[in-house]
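Colleague: I should like to learn how the empty spaces and the backbone of a model are read. May we take one feature at a time?

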Amino acid sequence: MTRIEQARAILAANDRGGYTVPTDRLYPFQWNWDSAFVAMGWATFDGARAWREIERLLEGQWEDGLVPQIVFHAPSDDYFPGPEVWGIKRSPPTSGITQPPVLASAVRFVLERLGEADEARAAAIYPKLVLNHGWWDAARDPGHTGLVATLHPWETGMDNSPAWDAALERVPTQTTTPIQRRDTGHVDATFRPRGIEYQRFIHLVDIFREAGWKPERMLAVSPFKVADVATNAILLRAERDLLALAERFGSAVERAAVKERIARKQTALAGLWHEPLGAYLSRDLIAGEAIPVRTSAGFLPLFAGLHGKADVLATRLQDWHARDIALVPSTDPDEPRFEPQRYWRGPVWSVVNWMIAEGLREAGAADASALVLADTRRLVGDAGFSEYFDSTSRAGIGGGTFSWTAAIDLLLAEGTAA
Ligand code: DGY
């Protein structure tokens with residue numbers, strides 16, 4: 001099989017009927033941001049299937065606009081916490097939190113790729129994206145600061161990033177739900193979050209369930225509240241992509257609302273630059289201060305269209321490459337909490353690389369963009385379609401035959417992002 005055939009075969013093997021699981025057993029449901037990237041991968045060879053991926057994700061959308069982190073289309077005992085822990089009586093059942101909002105960017109990508117013939121499908125999806133972006137604004141930035149709040153590390157997608165360590169320490173470790181982890185039965189525990197983090201992750205689920213999953217209550221009671229630089233950058237990019245969709249499908253009123261949010265978010269995101277550390281940093285919204293930990297999230301304002309710091313960020317990537325560090329480590333290797341194998345504390349993730357490379361290219365940093373893409377291709381070529389990669393040994397770790405790794409490889413095989 002060629003490499004392209006292998007990547008397509010992974011998506012086909014992980015297809016559970018119009019939605020794609022991230023990988024067999026470890027993640028047996030449909031995940032929000034995984035599916036957005038996976039739809040882009042499907043679009044390279046099966047346009048109808050790409051739209052189906054997005055439509056099935058939106059089957060889980062709530063009336064208020066929330067697009068949940070997980071849609072539990074079919075039962076499975078392979079994952080904890082399953083639908084009974086979330087306790088949300090919907091059909092299909094879902095979790096009650098969200099994930100980085102890549103969706104509008106994926107819809108624009110798929111539409112531009114597939115062209116006019118698919119306008120009707122995109123037009124039917126468009127109002128759901130408008131509703132979702134309205135949810136982000138109302139539920140997570142009611143004060144119109146320009147930065148949305150994230151209430152659970154799972155919402156950032158970068159669950160155990162060292163950026164969350166201090167903020168997570170405020171979260172009690174006791175839970176009403178008994179913790180029955182399944183992930184460490186599927187992959188080596190040293191590649192996964194620690195037990196104490198899971199206690200805090202589940203404590204948050206317990207208190208949100210008690211709050212009835214009501215956005216204003218969750219915002220009020222959560223002991224974890226951060227302005228994640230990645231989520232905010234991805235949302236700003238998604239707003240720009242929503243505006244492009246609104247030019248085709250929306251009203252003047254909708255376009256004006258999106259433009260107003262873009263202006264507000266641009267200023268606020270630029271304010272996350274921290275000159276002493278030379279990085280964009282997340283903010284702890286309870287402590288009211290910057291979180292002084294540099295991670296790969298800090299490169300994503302480039303993807304959002306903030307290009308002023310492109311040279312500094314490109315130089316940092318080139319320095320790491322010269323030191324034989326695989327690009328892009330999820331935590332800066334000079335941070336004391338860098339762990340090259342442990343999930344989001346140091347390994348390389350190809351979806352993050354794709355967004356960083358897109359941002360660098362758009363900012364005019366073509367060499368650094370090409371470097372990131374070449375390293376991503378090399379990692380997958382040498383180690384296979386793993387969930388993530390050890391940023392020092394370059395070994396493939398976590399789950400195997402991973403959907404979003406395959407999807408990004410399909411994009412890179414075509415030079416889509418080059
Ligand atoms: C996990 O690793 O189980 C998280 O739910 C990812 O969303």
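Colleague: How does the lining of the largest cavity divide into nonpolar, polar and charged residues?

Modeller: In this predicted model, the lining of the largest cavity comprises 12 nonpolar, 3 polar and 4 charged residues.

Colleague: How is such a space found, and how many cavities of 30 Å³ or more does the structure hold?

Modeller: The general idea is that a probe the size of a water molecule, rolled over the atoms, shows where empty space is left. Here the structure has 6 cavities of 30 Å³ or more. The largest cavity contains about 200 Å³ of space. Its lining consists of 19 residues, and those closest to its centre are Tyr-27, Trp-31, Gln-99, Asp-159 and Tyr-343.

Colleague: What takes up the space of the largest cavity?

Modeller: The ligand does: the space it takes is the largest cavity.

Colleague: Which residues surround the ligand?

Modeller: The surrounding residues are Tyr-27, Trp-31, Gln-69, Tyr-79, Gln-99, Trp-154, Asp-159, Arg-192, Tyr-198 and Tyr-343. By class, this shell is made up of 6 nonpolar, 2 polar and 2 charged residues.

Colleague: Where do polar side-chain atoms lie with respect to the oxygen atoms of the ligand?

Modeller: For Trp-31, a polar side-chain atom is 2.9 Å from an oxygen atom of the ligand. Tyr-343 likewise has a polar side-chain atom 2.9 Å from a ligand oxygen atom. In the case of Gln-69, an N or O atom of the side chain lies 3.1 Å from an oxygen atom of the ligand. As for cover, the ligand taken alone exposes 230 Å², of which the protein buries 96%.

Colleague: What volume does the second largest cavity have, and which residues line it?

Modeller: Its volume is about 60 Å³. The lining of the second largest cavity is formed by Trp-62, Asp-64, Leu-66, Gly-96, Trp-135, Arg-140, Trp-213, Pro-215 and Met-218. Two or more of these residues come from each of α6 (119–140) and α11 (215–221). The lining of the second largest cavity divides into 6 nonpolar, 1 polar and 2 charged residues.

Colleague: Let us turn to the backbone. Which peptide bond leading to Pro-81 is cis?

Modeller: In general, most peptide bonds are trans, and most residues other than glycine have a negative phi. In this structure, the bond from Phe-80 to Pro-81 is cis, with omega near 5 degrees. Pro-81 is located in the loop between β2 (70–71) and α4 (83–86). The peptide bond that joins Ser-91 and Pro-92 is also cis, with omega about -5 degrees. Pro-92 belongs to the loop between α4 and α5 (103–114).

Colleague: Is phi of His-144 positive or negative, and where does His-144 lie?

Modeller: Phi of His-144 is positive, near 55 degrees, in a residue other than glycine. His-144 is found in the loop between α6 and α7 (153–156).

Note on methods. Residues numbered from 1 in each chain as written. Predicted model: local features only at pLDDT ≥ 70, side-chain atom pairs only at ≥ 80, totals over all residues. Heavy atoms only, no water. Near = heavy atom within 4 Å. Polar contact = N/O pair within 3.5 Å; in protein donor to acceptor, adjacent residues only side chain to side chain. Areas by Shrake-Rupley, 256 points an atom, 1.4 Å probe, with all protein chains shown as cover. 1 Å grid on protein atoms, 1.4 Å probe; cavity = no way out; pocket = protein on both sides within 12 Å on 5 of 7 lines; lining within 4 Å. Sits in = over half its atoms within 2 Å of the grid points. Nonpolar A, V, L, I, M, F, W, Y, C, P; charged D, E, K, R; others polar. Points joined across faces, edges and corners; volume = space filled by probe spheres on them. Helix = DSSP H or I, 4+ residues; strand = E, 2+ residues; numbered from the N terminus.
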